[in-house]
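This briefing goes through one protein structure by topic. It takes up pockets, then nonpolar cores, then salt bridges.

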Amino acid sequence: MIKMEGVGRVFRTEEVESTVLDDLSLEIKKGEFVSIMGPSGCGKSTLLNIIGLLDTPTRGSYQLEGIEVSAMKEKNRVAFRKGKIGFVFQSFNLIDELTVFENIELPLVYLKMSSRERREKVERIMKIFSIANRRNHFPQQLSGGQQQRVAVARAIVTSPKLILADEPTGNLDSKRGKIIMSSLIQLHKMGATVVMVTHSPEFADYADRRIRLFDGKIISQSVREALDV
């Protein structure tokens, strides 16, 4: 599903040039659950942004579902990822002016789905995450754990083939973190490909494969059996 060869990402200012990813090659098969670990500043989030077509590499090849996307224009990248990729961010990125229902519904609006179908999908996903009783609340009226459940629900409401999670448990306590991990495991079992950035060795071990980055390079990979949660 994902194939990268010689990918580099360089950020330049007038005075400084920083290499964040350096000649990185990576393959992720359809249906895999992969965790990415490494110290702060090693390139984890940059790699996830490139995988999710939020950023483009400075050099190298990136194929997603067999299509070369490394040099794809922003307009085409937006169209390509629509409905196919779900994002879960540590900062939630919920829209304060929208209710829980409206936040979850938003990706379906972009897909121009009928209001009846949108309502049915949102109602179903809210029940799964036990947030139906908060449907008319705004993000600032929710706890951190509730906001994260809304963010995950929004990410998966379109049934994306690829789910990208950037520190999805970073702002949660252990109990609520395990609830989010359980959700990702269930999505994986339903056939989604999951790529997760995490600082937690415990949560990294939930994945089929664990990748470690350092200074923009993959320094190790290990395969483990996914844990049932």
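The largest pocket has a volume of about 490 Å³. The model in which this pocket is found is a predicted one. Besides this pocket, the points below cover a second largest pocket of about 350 Å³, a largest nonpolar core of 35 residues and the salt bridges, of which a search of the whole structure finds 13.

**Largest pocket**

- The lining of the largest pocket is made up of 17 residues, and those closest to the centre are Ile85, Phe87, Pro107, Tyr110 and Arg154.
- Two or more lining residues come from each of helix H2 (74-81), strand S6 (85-89), H3 and H5.
- S6 gives the most to this lining, with four residues.
- Sorted by class, the lining of the largest pocket holds 10 nonpolar, four polar and three charged residues.

**Second largest pocket**

- The second largest pocket encloses about 350 Å³ of space.
- There are 16 residues in its lining, and Ile125, Ile156, Ser159, Leu187 and Met190 are the ones nearest the centre.
- H4 and H6 are the elements that give two or more residues to the lining of this second pocket.
- H4 provides the largest share of that lining, four residues.
- By class, the lining of the second largest pocket has 10 nonpolar, four polar and two charged residues.

**Nonpolar cores**

- In soluble globular proteins, nonpolar side chains tend to be buried together.
- The largest nonpolar core has 35 residues, and the members that touch the most others are Phe33, Ile104, Ile125, Met126, Ile131, Ile163 and Leu184.
- At least two residues of this core come from each of helix H3 (100-110), helix H4 (115-128), helix H5 (144-156), strand S7 (162-166), helix H6 (174-189) and strand S8 (193-197).
- With six residues, H5 gives the most to the largest core.
- Another core, of 28 residues, lies apart from the largest one and includes Ile2, Leu26, Ile36 and Leu64.
- Leaving out residues up to four places away in sequence, Phe33 touches Met181, Leu184, Ile185, His188, Val194, Met196, Tyr206, Ala207, Asp208 and Arg209.
- Ile125 appears under two topics: Ile125 is among the core members that touch the most others, and Ile125 is also among the residues nearest the centre of the second largest pocket.

**Salt bridges**

- The whole structure contains 13 salt bridges according to the search.
- One of them joins Asp55 and Arg9, whose closest N and O atoms are 3.0 Å apart.
- Asp55 sits in the loop between helix H1 (44-51) and strand S4 (59-64), while Arg9 belongs to strand S1 (residues 2-12), so this pair ties together parts that are 46 residues apart in sequence.
- Asp55 has a relative accessible area of 17% and Arg9 a relative accessibility of 15%; buried means under 20%, so Asp55 is buried and Arg9 is buried.
- A salt bridge also links the side chains of Arg12 and Glu17, at 2.9 Å from N to O.
- Arg12 and Glu17 are both exposed.
- Arg210 and Asp205 form a salt bridge in which the closest N and O atoms are 3.2 Å apart.
- Arg210 is buried, and Asp205 is buried too.
- Asp22, Arg59 and Lys217 are joined into one network by salt bridges that share partners.

Methods:
Residues numbered from 1 in each chain as written. Predicted model: local features only at pLDDT ≥ 70, side-chain atom pairs only at ≥ 80, totals over all residues. Heavy atoms only, no water. Core = buried A, V, L, I, M, F, W, Y, C linked by side-chain atoms within 4.5 Å. Buried < 20%, exposed > 50% of the residue type's maximum accessible area, 1.4 Å probe, protein only. Contact = heavy atoms within 4.5 Å. Salt bridge = Lys/Arg side-chain N within 4 Å of Asp/Glu carboxyl O. 1 Å grid on protein atoms, 1.4 Å probe; cavity = no way out; pocket = protein on both sides within 12 Å on 5 of 7 lines; lining within 4 Å. Points joined across faces, edges and corners; volume = space filled by probe spheres on them. Nonpolar A, V, L, I, M, F, W, Y, C, P; charged D, E, K, R; others polar.
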